[in-house]
Amino acid sequence: MTGNAMPKIEVLRVSKHFGAASSAPVLSGVDLACAENEFVCLLGRSGCGKTTLLNIIAGLVPPSSGEVRVDGERVTGPGRGKGMVFQQNALFPWLSARSNVEFGARRSGLEKQAARRIAEELLELVGLREYGERYPGQLSGGMQQRVAIARALALDPQILLMDEPFGALDEITRLDMQAELLRVWSSRRKTVVFVTHSIMEALMLGDRVAVMGGGGIASIHDVAKDRPRSRSDPAVIRLHDEIWQGLH
Amino acid sequence: MNPRAADALLGLGGILIVLAGWELVARSGVVSQSVFPPPIHAMVIGLRKVPLPDLGGHVWISLQRIAFGFSAGALLGVVIAVAGGWYRVFGNLVRPVVEMLRPIPPLAWIPMAIVWFGLGEPSKVFVIFLGAFFPVLTNTWKGMSNIDATLLRAGQTMGLSGPELLIKVAIPATLPDIATGLRIGWGLAFGVLVAAELIAAESGLGYMIMHARQLGEVEVIILGILVIGAANLVTDWLLARVLANWLGKWQDTTRAE
């Protein structure tokens, strides 16, 4: 490590268009840098390209031009250095919750014994110690997402990418999960890129909120507030208004 | 009593009611008993003409043919469908061939089977093989093409690719469809059994039935039909149990919310 200034994730002039090269690009010339252990939220309407950008960072989708670097290394494909949590149904339904997490741990190169221990620890961390034997189909949506977070952490990734992980949950569970994620994140610091279409969710979670629109990042907002934050905090409300107005 | 035992008892009751109805109609004299004998009578006479050890021998040889034909058909069906569903070039190459051959009833292959394999065991096993092969193949293929893309992406973000992604994610994700294919294939293998054993066989339930027809032994025909039905029922139940075990709790994916 050369030290201080190198960003953990660099998105450099990334463009993406699907289909014909002449079609309107989903992303055009996007630049973004995330510092080590920073929590960055990508916020925007459906179809603004935020999930595409996340998939490009993950290496699941190649950019049409430009590049992404993690720790200065160009991303050429998906891999276990970049853990990902999807919106839903990404757990392997043929494995128990514990085996799902263990699967992630095994992928990070651990032996069976060690992987099992890590899986137990992570299930405990996400509050599901008692549910290790359950299969995904026997867990509620919120529990499934906890397991998915534990599985991504089991890879011990350099960065954690989250694609609307609470988007399919009911409002109440969603608020619980936000608090839960912050608790987990505070004990396992990672650089997180979190995609959401909820302004309040972005403001509760992110160090910075990158608002996307028009094929790029329209504005970036620092949320200089200690967590846990209050929804009724004047600074939060002010930022909410600012972002809301910026979207129109 | 647990609900499953109750269901099984009801099923048994249904079978007994049909047998009792048959017995009554046959005894009432509406139709001649030599054409439509009552079932208990038929079984008693049938067993006198084909004693239990002989009957057991027919059942055993038939089950062996089914086991061979089904295993070969299921194995090849799964292998081709998995490869075809995963490797695009191979899939596009094989798909039209499969679509062309699939609608041909297995029985239509009997003359060809005789030309290729003669009158021995392989020709019968081949026809049963065809019965099992296509349902297993089409169900597995369907499963392979319907894998949730998120599962594959999740696998990729955990560093899996190529054959490893196939073995650790794609195939397990397809298991329920493979299981469905196996059950349908098993049923069809039974279905074509009698026809397969029409090919100059000297043993097996199909032979027993056809031979009885030549001798005019209606009772033996009825006995044979009942035994085929019972054997299918029992083995299908066993197969369902094995598959359910194999798929574990995965199948109750129906909401815990």
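This passage goes through chain B, one strand of chain A, the contact between the two chains and the core they share, all in a predicted model.

Chain B first. Its secondary structure is helices and nothing else, with 11 helices and 0 strands, so the element order from the N terminus is simply α-α-α-α-α-α-α-α-α-α-α. The C-alpha trace spans about 70 × 55 × 30 Å along its principal axes. Of the 257 residues in the chain, 37% are buried. Long-range pairs carry much of the contact map: among contacts with a separation of 6 or more, 71% link residues that sit 24 or more positions apart.

Over in chain A, strand β3 (residues 39–43) is a well-covered piece of sheet, with 5 of its 5 residues buried. That goes for both faces: A:Phe39, A:Cys41 and A:Leu43 point to one side, A:Val40 and A:Leu42 to the other, and all of them are buried. The strand also has parallel partners. With β8(A) (residues 191–196) it pairs over 5 bridges, while 4 bridges tie it, again in parallel, to β9(A) (residues 208–213). A:Cys41 shows up in both pairings, with A:Phe194 as its bridge partner in β8(A) and A:Val209 opposite it in β9(A).

Where the two chains meet, 18 residues of chain B are in contact with 23 residues of chain A. On the chain B side, the elements that put in two or more residues are α7 (149–157) and α8 (162–191), and α7(B) gives the largest share, 6 residues. The chemistry of that side is mixed, at 7 nonpolar, 6 polar and 5 charged residues.

The largest nonpolar core holds 132 residues, and the members that touch the most others come from both chains: A:Ile57, A:Val193 and A:Ala210, plus B:Ile128, B:Ala132 and B:Ala189. Helix α6(B) (residues 121–145) supplies the largest share of this core, 13 residues. On the chain A side, domain 1 (1–81 + 160–248) and domain 2 (90–156) both give residues to the core, so it lies between them.

What does B:Ala132 touch, once residues up to four places away in sequence are set aside? The list takes in B:Gly69, B:Phe70, B:Gly73 and B:Ala74, and then B:Gly185, B:Trp186, B:Leu188 and B:Ala189. The last of these, B:Ala189, is itself among the core members that touch the most others.

Technical notes
Residues numbered from 1 in each chain as written. Chains lettered and ligands numbered in written order. Predicted model: local features only at pLDDT ≥ 70, side-chain atom pairs only at ≥ 80, totals over all residues. Buried ≥ 20, exposed ≤ 12 C-beta atoms within 10 Å, placed from the backbone. Contact = placed C-beta atoms within 7 Å. Pairing = 2+ DSSP bridges. Nonpolar A, V, L, I, M, F, W, Y, C, P; charged D, E, K, R; others polar. Core = buried A, V, L, I, M, F, W, Y, C linked by C-beta atoms within 7 Å. Domains from an automatic or database assignment.
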